[in-house]
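Biologist: I should like to go through the terms applied to this structure and hear the grounds for each. Please set every value against its definition.

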Amino acid sequence: MSFLADSLLSAVHLLWSLDPDLYTVIFVSLKVSLTSTLLASLLGIPAAFFVVFKEFRGKRAAMTILNTLMALPTVVIGLLVYAFLSRRGLLGSLNLLYTQTAMVIGQVILIFPIATSLTIAAIARVDRRYRMTALTLGATPVQAAVVVFREARFAVVAAVIAAFGRVISEVGISMMLGGNAKGYTRTMTTAMALEYDKGEFVLGVALGLVLLFLSFSVNVFFHYLQGRSRA
Amino acid sequence: MSMRRYIAFSLFLVFASPAWAAGGVVLKMATTTSTENSGLLDVLIPAFTEETGIRVKVFAKGTGAALRDGMDGNVDVVFVHARKREERFVAEGYGAYRLGVMHNDFVILGPGRDPAGIKGMSQAALAFRKIAETRSHFVSRGDDSGTHTKEQALWRASGVHLSRKTTEIFRKGKKRTLTFLYPGGLGRWYLSIGQGMGKVLTFAEEKQAYTFSDRGTYLKFRYGRRQGLDLGILCQGDPVLYNPYGIIPLNPKRFPHVAFRQADRLARWLVSPHAQRLIAGYRIAGRQAFFPDALGNER
């Protein structure tokens, strides 16, 4: 038990004493994860509307593929992107491997299917008559989509939260594409993996507690947004 | 089936499953990634199993984690390369004894264009100094491993101004500090990536950076794979780069549950003439990587 107490004490102390290493790690984690969540949402939410409201061949197949991709392991994405960005790879000349950009690329691939699939589920639940009514009243398709979006926003925000939860807790992509360079691409999860490798469990668990606290804060914030969107 | 029975049955399955896989004692050995990556264990362990019937499971980590596994009694024997820490490990009662098995050496690697101009230098500390002065990319293990320990010692010897970072954590309710020594430029030219030797080599290759490696892993990555490294050895042969490996069975007085008899057997086997000859004869792409230290002392 003293082990857990030590970890908790260390976590509080690290946060309280403004340990510069810890804040760098948190900053990198948040920067990369929020960027990829934002990008994936910007791509995924319109994609979801497209899939739901456009009739096209292979629509069912597209949805099945999206659902399958939700189970894509991070190491597979890591390997694929690595193969492209590596010095001997197709995009090797861009020198992107082991940068924050590479991490964002991998993470967007990871959560685009999640953001899209969950948004599809969210807007498919909205009563069809909202859209029909808007269209009958002379709304353009985009305006009609906005009406549907407003009805579904609660569930869409939930989709974004799920996507964020996936990237902030992810370790495979960050490790393979970011490379865990201290002060540059080291995130909370890769730092934890490292402390485990070093045998410094107390610091590892302390970081885990900070991560939990951080996700909690982000969720409280999103919850607040949801609450407002409901009113 | 009642609920309680169902739960009991499930738990039985969970706890019984490792037992099916085992069948007899399997020796657990914690070792360093450099030992594992070099491929030497793939020769030694099967030979040991054939001779004694004892099977060995290998867990490859940094030296810090391998010793930690030993301190926690998670393994039966540790095989690492950080002599001072190993001696402390035995002195503090975690290990029963230490036997010197072999050594290899460290080398400084770098890209062909050699921006710091260290090619052919014989003094490792001076080479490090030039790398720091030219702010050339340098990839460090940064994982508290034996190789990282050695690298930090070289930075200290290089005379470069070193920065120190300390992190305060609590252990058994008492404040303790962890220190991390580096020559500046963290995240810019000095890249501390906290990963195993193989990952550090590929990272350095990708960034065309300098790095510090044991010779065995380097040879394996340079010549042992279809897609080898471009990085070359730019500095070698300095006596400070000597890297001895020791094997330590866990102390059965402190850890009564460990398979001491088997661990003892493995340790003594590794210093036997047969194993020592295997070590001396091991070649990576035609090059000797390890040098036996116990040959001749036996008789």
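Biologist: What makes B:Asp264 and B:Arg268 a salt bridge?

Modeller: A salt bridge requires a side-chain nitrogen of Lys or Arg within 4 Å of a carboxyl oxygen of Asp or Glu. In this predicted model, the closest N and O atoms of B:Asp264 and B:Arg268 are 3.3 Å apart, so the pair satisfies the definition. The two residues lie four residues apart in helix H10 (residues 260–270) of chain B, about one turn of the helix; helices are DSSP runs of H or I with at least four residues, strands runs of E with at least two, both numbered from the N terminus.

Biologist: On what basis are residues numbered and features accepted?

Modeller: Residues are numbered from 1 along each chain as its sequence is written, and chains are lettered from A and ligands numbered from 1 in the order written. The model being predicted, local features need pLDDT of at least 70 and side-chain atom pairs count only at pLDDT 80 or more, whereas totals for chains, interfaces and linings use all residues, and side-chain values use heavy atoms, without hydrogens and water.

Biologist: Why is B:Arg268 called partly exposed?

Modeller: Buried means under 20% relative accessible area, exposed over 50%, and partly exposed in between (1.4 Å probe, protein chains only). B:Arg268 has 47% relative accessibility and therefore counts as partly exposed.

Biologist: Why does A:Arg129 receive another label, exposed?

Modeller: A:Arg129 has 60% relative accessibility, and so it counts as exposed. Its salt-bridge partner A:Asp127, with N and O atoms 2.9 Å apart, is partly exposed because its value is 34%.

Biologist: What is the setting of the salt bridge between B:Arg98 and B:Glu86?

Modeller: The closest N and O atoms of B:Arg98 and B:Glu86 are 2.4 Å apart. The pair links distant parts of the chain, twelve residues apart: B:Glu86 lies in helix H5 (83–91) of chain B, and B:Arg98 in the loop between helix H5 and S4 of chain B. Both residues are buried.

Biologist: How do you know that a salt bridge joins chain A to chain B?

Modeller: The side chains of A:Arg87 and B:Asp230 meet at 3.0 Å, N to O. The rule finds four salt bridges across this interface. A:Arg87 and B:Asp230 also belong to a network of salt bridges with A:Arg88 and B:Glu205.

Biologist: Why is strand S11 (residues 242–249) of chain B described as largely enclosed?

Modeller: Seven of its eight residues are buried, so the rest of the structure largely encloses strand S11 of chain B.
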